[in-house]
Amino acid sequence: MNRLLLAIVLSVLLVGCKENREPAATPPSAGKTAATAGKPADQSPGGDAQAGKAIAERECKACHGLDGRGVAPGIPHLAAQRDRYLLLALTEYKDVKRTHSALRELAGRLNPAELRNVVAYYASQPPPPPASGKGSMQATLAEKGKALASACEKCHGAEGNSSTPGVPTLAGQQPHYLVTAIQEYHRGDRGTGAMKAILRNASRLELESLALYYASRTPAQRSAPSRGDAAAGQPLTAMCGGCHGPRGVSSDAATPTLAGQDPQYLTKAIKAYRTSRQHWGMQRFVTGISDKDIENLTAFYTVQPSKPADSVPSSARELAVKCDRCHDAEDNPKMVVPILRAQDKDYLVMALRAYRDDKRESTTMHKMSVIYSNAIIDDIATYYASQPRDKR
């Protein structure tokens, strides 16, 4: 996994940073109507809030409430949201640029004046309160991961540096690979009975926190194993380096690092591709080499220096600093982007996952979020949902 930079998800109704463009530079198809075209970027689209209340009562309150607070998890809050952003979102539904069928139908029925009126109404409502309780006072990702790691230390050592022959080192390991490996043990795809029970009831988000914690730990340097010739093993790594990285230090979050690994575990893992473990490329490679080759290959990777695969942000607040450059109304009064504070957490999670998975249109947001695990997204969404929002 690459470095954990951040930008967070758009909120409300909605969707996209629009490449951080101002309305004046936005083509008509991206959100201007006859009523808004030609207006300065920082000027409100106007509208009659009282007339908009009647539209909200008739068309919107079943989902967004008359007070602009979503009536169920996953429905965004509209109250005190930026009117320019709400209008842009509705216009894009009207122009069939967004995928929610009910909102497309609704926006298509409303004329430009009605759109401005309902936007004015919801923008004028008091802001929603921030989320409160246990969820808003969450531990950091590092703290959550470290707490889960206590169940692993007996075998894998402090901070994931194993000193027990046959037990793999987890420190510095690639996080997505580690989550996948744990789930394979749980399913019985890997045949270690003890591992099937460990963290059996942990959620995917908890496992990702654990994996990020281990990914950020520094692997210990190992001495040469008693068997195998590291020099003879180096030429055999020509095939391995394409996936596992130079000298066994992987740069892919889903591909394990081999450098500094326990030699007994590594030998057993390589040989398992001859019998039980499924991976077409590894099976082809292992079939063509001898047991002696495997010992030499293991000896080479065992003595290679490794490093942490990733870093864990100290807090969601740290990650949110970059998001606020666009989403903070005071710093960027001309940005047509939503306010994230006090937004519904489930909505923020769904929106950022959609950007990450390229299911929502915004090249900028996709590039920023593609490296985020679900645990990081959940952390950020929880942070913003718990932050108070001043009425704008």
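**Aromatic pairs, ring-charge contacts and helix H15**

The structure holds four aromatic pairs, where rings of Phe, Tyr and Trp (its six-membered ring) pair if their centres lie within 6.5 Å, and planes under 30 degrees apart count as stacked, over 60 as edge-to-face and the rest as tilted. One of them joins Phe-300 and Tyr-301, edge-to-face, with 5.4 Å centre to centre and 65 degrees between the planes.

I should state that this is a predicted model, in which local features need pLDDT of at least 70 and side-chain atom pairs count only at pLDDT 80 or more, while totals for chains, interfaces and linings use all residues. Residues are numbered from 1 along each chain as its sequence is written, and side-chain values use heavy atoms, with hydrogens and water left out.

Phe-300 is buried at 4% relative accessible area, and Tyr-301 is buried at 2%; buried means under 20% (1.4 Å probe, protein chains only).

I turn to charges over rings, meaning NZ of Lys or CZ of Arg within 6 Å of the ring centre and within 35 degrees of the ring normal. Arg-98 places its charged end over the ring of Tyr-93, 5.5 Å from the centre. Arg-190 does so over Tyr-185, at 5.3 Å.

Finally, helix H15, residues 316-327; helices are DSSP runs (H or I, at least four residues), numbered from the N terminus. Its buried residues are Ala-316, Leu-319, Ala-320, Cys-323, Asp-324, Cys-326 and His-327. Seen down the axis, these fall within an arc of 150 degrees, taken from the directions from the helix axis to the C-beta atoms, so they line one face of H15. They pack against helix H18 (374-385), contact meaning heavy atoms within 4.5 Å.

How values were computed. Buried means under 20% relative accessible area, exposed over 50%, partly exposed in between (1.4 Å probe, protein chains only). Helices (H or I, at least four residues) and strands (E, at least two) are DSSP runs, numbered from the N terminus. The expected span of a helix is 1.5 Å times one less than its number of residues.
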